[in-house]
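Colleague: I would like to go through the strands of this model with you. Can we take it sheet by sheet?

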Amino acid sequence: YGGVSKEFTVTQTYSATSIIFTPTSGSHDYASGTYNFKYTISNPREGQKAAVSTSDSWITGVTDTNGTVSYKVSTNTTGSSRSGKITVKYGDLSKTFTITQSAASLTLSSSSATCTYASASKSFSITISNRQSDLAVSVQSDVFWITGVSESNGTVSYKVAENNSGSSRTGKITVTYAGVSKEFVVTQTYSATSIAFTPTYASHA
């Protein structure tokens, strides 16, 4: 003004935008279920919205309601643990929420049994964590002499036929649940049939 100049300096700070998850990841058992996590956007940009998506077929129903992401996982029948992800995208930023689902837990009370040569009815027990009523337990014998194999309320029943083979023999029962398989080995001994005399001989004058 009147040849006099003054400068007014404006300083604008910068703070990076970021996506924060709570919790940072999801870990679930093999059964189907519905879960959620929350995200927050630090230093959000005016008018910009986030988008959520997944490419994993076993993760469905992904929705975002005001920063709460809901999703459903299907029952894991693969027999092993698996991992998937949900991606939250905000402008040019994206972050993945990792989801891990374990396999079913199947244990046998014993891994083997030894039977005598005679025919008999036998059983062993199994334990399944968080057993689902809509999933069946499959039990199967691999030999003809183990029959009547069935499972009810955690008890596997079976029958062994009399062993007339001339030697001991081995078979197995395979128990399968939600893709997880365990083997129960059955060994049946052999006892030869014989005739014994008393006394062993006769001697006469």
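The questions below concern strand pairing in this predicted model.

Colleague: Which residues form the covered face of strand S2?
Modeller: In a regular strand the side chains alternate between the two faces of the sheet. S2 spans residues 25-28, and its uncovered face holds Ser25 and Ser27. The covered face is Gly26 and His28.

Colleague: What is the bridge partner of Ser27 in S8?
Modeller: S2 and strand S8 (residues 93-101) run parallel, joined by four bridges. Within S8, Ser27 is matched with Thr100.

Colleague: Which are the edge strands of the open sheet S10-S16-S15-S12?
Modeller: Four strands make up this sheet, and their pairing is mixed. An edge strand here pairs on one side only. That fits strand S10 (112-115) and strand S12 (138-141).

Colleague: What is the bridge partner of Gln140 in S15?
Modeller: S12 and strand S15 (residues 169-177) are antiparallel, with four bridges between them. In S15, Gln140 is bridged to Thr174.

Colleague: Why is one side of S9 and of S13 left without a neighbour in the sheet?
Modeller: The open sheet has the order S9-S11-S14-S13, with antiparallel pairing. Strand S9 (106-108) and strand S13 (146-152) stand at its edges, so each has a single partner strand.

Colleague: By how many degrees are neighbouring strands of this S9-S11-S14-S13 sheet turned against each other on average?
Modeller: The pairing in this sheet is antiparallel. With direction ignored, the average turn between neighbours is 25 degrees.

Colleague: What is the bridge partner of Thr147 in S14?
Modeller: Five bridges connect S13 with strand S14 (residues 155-160), and the two run antiparallel. In S14, Thr147 is paired with Lys159.

Note on methods. Residues are numbered from 1 along each chain as its sequence is written. This is a predicted model: local features need pLDDT of at least 70, side-chain atom pairs count only at pLDDT 80 or more; totals for chains, interfaces and linings use all residues. Side-chain values use heavy atoms; hydrogens and water are left out. Buried means under 20% relative accessible area, exposed over 50%, partly exposed in between (1.4 Å probe, protein chains only). Two strands pair if DSSP finds at least two bridges between them. Axes are lines fitted to C-alpha atoms, for helices over the stretch in contact, and angles run from 0 to 180 degrees between N-to-C directions.
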